[in-house]
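This report describes the structure shown below. It proceeds from the chain as a whole to the hairpin, the nonpolar surface and the salt bridges.

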Amino acid sequence: MSMQTPSNSSNLVEVLEKILDKGVVIAGDIKIGLADVELLTIKIRLLVASVDKAKEIGMDWWETDPYFSSRGVNQELQEQNQKLLERIDQLEQRLEAPKE
């Protein structure tokens, strides 16, 4: 008795490949109200795509977000370090300036 691979799994793989290649956007709003008074609105936007596709359309926020990438932390630390060095230079110049 031979085992057959279900065609559903191959169809699922094909659908997943197409979604990741092209991307899909799901958008929706949730509004909560009472007596025709809107109390809360939640906007939900979801993009499902491959990393390459997301970068292609300009979405690469995870590369600089300190929570997701050490590169973001390094960039932030470098900026803070540069500001501190500039501040030190300014303070040293004040100390070296002749007093009148």
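## Overall architecture

Only 4% of the 100 residues in the protein chain count as buried. The model is a predicted one, with a mean pLDDT of 80 for the protein chain and 85% of residues reaching 70 or more. Three helices and two strands make up the secondary structure, and their order from the N terminus is α-β-β-α-α. Among these elements, helix 1 (residues 7-22) has the lowest mean pLDDT, 80, whereas strand 2 has the highest, 87.

Of the contacts between residues at least 6 apart in sequence, 20% join residues at least 24 apart. The chain exposes about 9,500 Å², of which carbon and sulfur atoms supply 56%.

## The hairpin and its nonpolar patch

Strand 1 and strand 2 pair in the antiparallel sense over 11 bridges. Two residues lie between the strands of this hairpin, and A35 takes a positive phi near 55 degrees. Within the pairing, A27 stands opposite R45 of strand 2.

The hairpin strands also contribute to a nonpolar surface patch. I30, I32, L34, V37, L39, L40, I42 and I44 together form this patch of about 710 Å². Strand 1 (24-34) and strand 2 (37-48) each supply at least two of its residues, and strand 2 gives the most, with five. One of the patch residues, I42, is placed in strand 2; I42 counts as partly exposed because its relative accessibility is 37%, a value between the limits of 20% and 50%.

## Salt bridges

The structure holds three salt bridges, listed below with the distance between N and O atoms.

| Pair | N to O distance |
|---|---|
| D29 and K43 | 3.8 Å |
| R45 and D29 | 3.3 Å |
| K53 and E56 | 3.4 Å |

The D29 and K43 side chains meet in a salt bridge. As D29 lies in strand 1 and K43 in strand 2, this pair ties together parts 14 residues apart in sequence. D29 is partly exposed, at 42% relative accessibility, while K43 is exposed, with a relative accessible area of 57%.

D29 also forms a salt bridge with R45. R45 lies in strand 2 and D29 in strand 1, so this pair links parts 16 residues apart in sequence. R45 counts as exposed at 52% relative accessibility.

The remaining bridge joins K53 and E56. These two residues are three apart in helix 2 (residues 51-56), and are therefore separated by about one helical turn. E56 is exposed, at 62% relative accessibility. Through shared partners, salt bridges join D29, K43 and R45 into one network.

How values were computed. Residues numbered from 1 in each chain as written. Heavy atoms only, no water. Helix = DSSP H or I, 4+ residues; strand = E, 2+ residues; numbered from the N terminus. Buried < 20%, exposed > 50% of the residue type's maximum accessible area, 1.4 Å probe, protein only. Contact = heavy atoms within 4.5 Å. Areas by Shrake-Rupley, 256 points an atom, 1.4 Å probe, with all protein chains shown as cover. Patch = residues over 30% accessible without salt bridge, like charges linked within 9 Å, V, L, I, M, F, W, Y side chains within 5 Å. Salt bridge = Lys/Arg side-chain N within 4 Å of Asp/Glu carboxyl O. pLDDT = per-residue confidence, 0-100. Pairing = 2+ DSSP bridges.
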